[in-house]
Amino acid sequence: MILVTLNNIVKSYGINTILNKISLTINTGEKIGIVGNNGAGKSTLFNIITGMITFDDGQFFSAKDINIGYLKQADSTGENINLYDYCLEPFKKLIDIENKMRKIENLLTDNPFDNDLIDEYSNLTETFTKLNGYAYHSKARGVLIGLGFTEDDFTRTIKTLSGGQKTRLNLAKLLLTEYDLLLLDEPTNHLDIDSVKWLENYLSNYKGAVVIVSHDRYFLDKIVTRVLELESTIGTLYNGNYTEYMRQKRVNYETEIKHYQNNQSLIKKEEQLIRKYKQHGTEKLAKRARSREFKLEKIERVQKPFWLNKNINLSFDIGIPSGNNVLSVNEISKSFDKTILFDDISFEVFKGDKIGFIGKNGIGKSTLFKILVNKAKADSGTFQIGHHVTKGYYDQDLQNIEDSNTLLEEMQVSLPLADETDLRKYLGSFLFTGDDVFKEIRILSGGEKSRLSLLKLMLSKNNFLLLDEPTNHLDIISRETLENAIFNYSGTMLAISHDRYFLNKVCNKIYELDENGLTIYLGNYDYYFYKKNQMNQYAQNNDEPIKISKTERKDLSKQERESKKNIKDKKKKTADLEKNIHELESRISEIHELQCQEEIYSNKSELMKINKELSSLEEKLDLIYEEWEKLL
C-alpha cells in the first residue's frame, strides 16, 4: 500500500532553492534512508511530509487517515510526569479498558451473578486480549530499557532529564505508538552501541514504514533497502542499503569525473587552437579561429561534480616518529561521589595501532581520556607516555576552541608564526571561505566547530591522536574524509566512538570498557561483534565465559601483520599506478599541444605519427584507470 507520494516537490526560501523537483514514494513496511550534507534539505523534506511547512510547486499525496510520527533532532518535553507514565500514554485506550475491567471486578465481588456486568466484563476482556493488552507494560519496559534507561530511571520526572535523554524518551514513545509512518531524524544520537543494535532490530521488525535521516552508516546498512540522496537541491534514489548506495555513487562519480575532465580537456584544446590561429595573424588562420570559436560555443559545459566542490582537504602528518611503545596504562582507577567509574584498568598502545575504545554511555571512557591528556586526575594508578610521543586530543565537547574568538583569531593562537594568507588557505581547505573567517566561533554549527577542531589537530602534526567521538556532528562525506585520513595516518590512534562504520573501517583493535574492566579484541568492529557473540553463546551454555587463548592471540597477531602487509602492498601499487597515470596524462597533454603547432598539423606523416601515439596512450590510460579503480 502506498502511504505517501511526493512528485517534483520544489521548496525555496527567498532566492535560495532548497529542494528542486524531489520525487519519492513510501510504501507500507518500507525502510528508507535519506542522506546528504548538513543543510541539504533533509529536515525540510520531513517538515513537508508532516504538513508542518508548505511547498512551492509539485504534488503531494498521502493515504487516508495516515498516522505519522516524527522524531526531531531538537525535540524535547518538559512535563512534570515520570518517564514510565509518559511512555504509557500511547496505551490510553488499553488503560481505560483495564480500569473498567478492574471496576467491574470490584462490582462483581458484591454482585457475582449480575449478568449485565458479566457480559460487559466478557466483552471488555475479549477486546483487551485482541489488542494485546496483557503485554503493554512489558512492551513499555522493554523499549525504555532497550534505549538505555534503567528501572531506577522510570520514576524520574521528565524535567530532570538531559537533552539527550529527552530525545531518547521521545523516541521510545514514538516506537510504542506504532505509527503508519515513522520519520526519524538522527535517531542514534545519544545512544550507545548496545542501544543502537537494539533499535536496529526493533525497526527491522517494525510493521509500519520508516524513513531515517542519519549519518550512522552502519545503522543504515542494517535497516534500509532504499537511499534518497539530497545533493545540490536534487534528489537521487538508489536501491539497496548504504554500502550499495556508496558503490553505485562511486561508480557514477568516477564516470562524472571522467566526463568532466574530458569536457575540460576538449574545451582547453579548442581554446589553445584558437589562440594559436590568432597569433599568426593570417586571414586563412583567422577564419579557422572564427570557425573554432563557433565550435567552442556549441560545446556543452559539463558541471563540475559536487564532490570536487565540497570536500574538506584532510590529512594527518607527523612531525617526528614515535618509539614503538606509545602508551602504558597501569591499574588506573576513578570514582565520582563514591560511585566507581572504572577500577584497575591496564593496557598498552603500540606504534601504528588504530584502536577503537567502546563501552556504554557513562562507563567512564571520556574521563579516562581526560586523565591521559592531563585534564583530570586518577584516584590511583599511573600511565607512561613513550619516547618521542607527541599527543593530540580531540574533545567531543569541543572545549579546545574559544567561543569568543573568530575563526582567524583561533588559528592565529594555534599558529602564531603563520601569516594571514596561510591561515586563510588552511581555513579555505576546510570550507571556511571569504568572510567566514571573521565569524565568531560561538555562532558556528556543531559540524563547523568539528571541522575547525579537526583542522587544528591536523596542523599539530602529533604522532599520537586521542579522539573522543570524532565523527559526531560531521556529515557523511566529512566522515569518509576523516576515515581516509586516519587510515593513511602513519602515527597511532586511540578513539572513543559509537560509529561502527568508523570502527570497522579504521581500527585494527577494539578495547571494550565495561563493569568488569577492559577486554581487548584483536580486530575491527565486525571481528569484535563476531567474537562477542561467540563468547556470549558459550557463556549461555557454560558457567564461565570463553577466554582468548595464547595460540589464538598469536594467530590474530599473524593475521594483523599480514593485513598490514597487504595494505602496504596495495598502497604501493596504487601509488605506482597514479604515477603512471600522471605520466600518461602529461604526455597526452603534450601531444594535444603538438597538434596545435603548424609544423605538425601541416605535416601529414608527423600528424599521423602523433595521432597513433595518442590513440595508444589513451587506450593504455583507460586500462590503468580500470586497474586503479579496482584498488579503491
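This report describes how helix α13 packs in a predicted model and then turns to the surroundings of Phe46.

**Helix α13 and its neighbours**

Helix α13 spans residues 407-414, and within it Leu407, Leu408, Glu410 and Met411 are buried. These residues lie on the same side of α13, because the arc they cover around the axis is only 160 degrees. Among the elements that cover the buried residues of α13 are the helices α14, residues 420-429, and α15, residues 446-460.

The pairing of α13 with α14 can be described in more detail, since two packed helices are characterised by the angle and the distance between their axes. Here the axes come within 10 Å and cross at roughly 110 degrees, and because angles of 65 to 115 degrees count as roughly perpendicular, α13 is roughly perpendicular to α14. The crossing in which α13 passes α14 is right-handed, and the residues that make the contact are set out below.

| Helix | Residues in the contact |
|---|---|
| α13 | Leu407, Leu408, Met411 and Gln412 |
| α14 | Glu420, Leu423 and Leu427 |

By character, the residues of this contact between α13 and α14 comprise five nonpolar, one polar and one charged.

**Phe46 in helix α1**

Phe46 is placed in helix α1, which covers residues 42-50, and Phe46 counts as buried because its relative accessibility is 0%, where the cut-off for buried is under 20%. When neighbours within four places in sequence are left aside, Phe46 is in contact with Ile34, Tyr70, Leu183, Leu184, Asp185, Val211, Ile212 and Val213. Phe46 and Gly33, which are 13 residues apart in sequence, are 12 Å apart in space, C-alpha to C-alpha.

Note on methods: Residues are numbered from 1 along each chain as its sequence is written. This is a predicted model: local features need pLDDT of at least 70, side-chain atom pairs count only at pLDDT 80 or more; totals for chains, interfaces and linings use all residues. Side-chain values use heavy atoms; hydrogens and water are left out. Buried means under 20% relative accessible area, exposed over 50%, partly exposed in between (1.4 Å probe, protein chains only). Helices (H or I, at least four residues) and strands (E, at least two) are DSSP runs, numbered from the N terminus. The arc is that of the directions from the helix axis to the C-beta atoms. Contact means heavy atoms within 4.5 Å. Axes are lines fitted to C-alpha atoms, for helices over the stretch in contact, and angles run from 0 to 180 degrees between N-to-C directions. Angles under 35 degrees count as roughly parallel, over 145 as roughly antiparallel, 65 to 115 as roughly perpendicular and the rest as oblique. A crossing is left-handed if the near helix is turned anticlockwise from the far one by less than a right angle, and right-handed if clockwise. Ala, Val, Leu, Ile, Met, Phe, Trp, Tyr, Cys and Pro count as nonpolar, Asp, Glu, Lys and Arg as charged, and the others, Gly among them, as polar.
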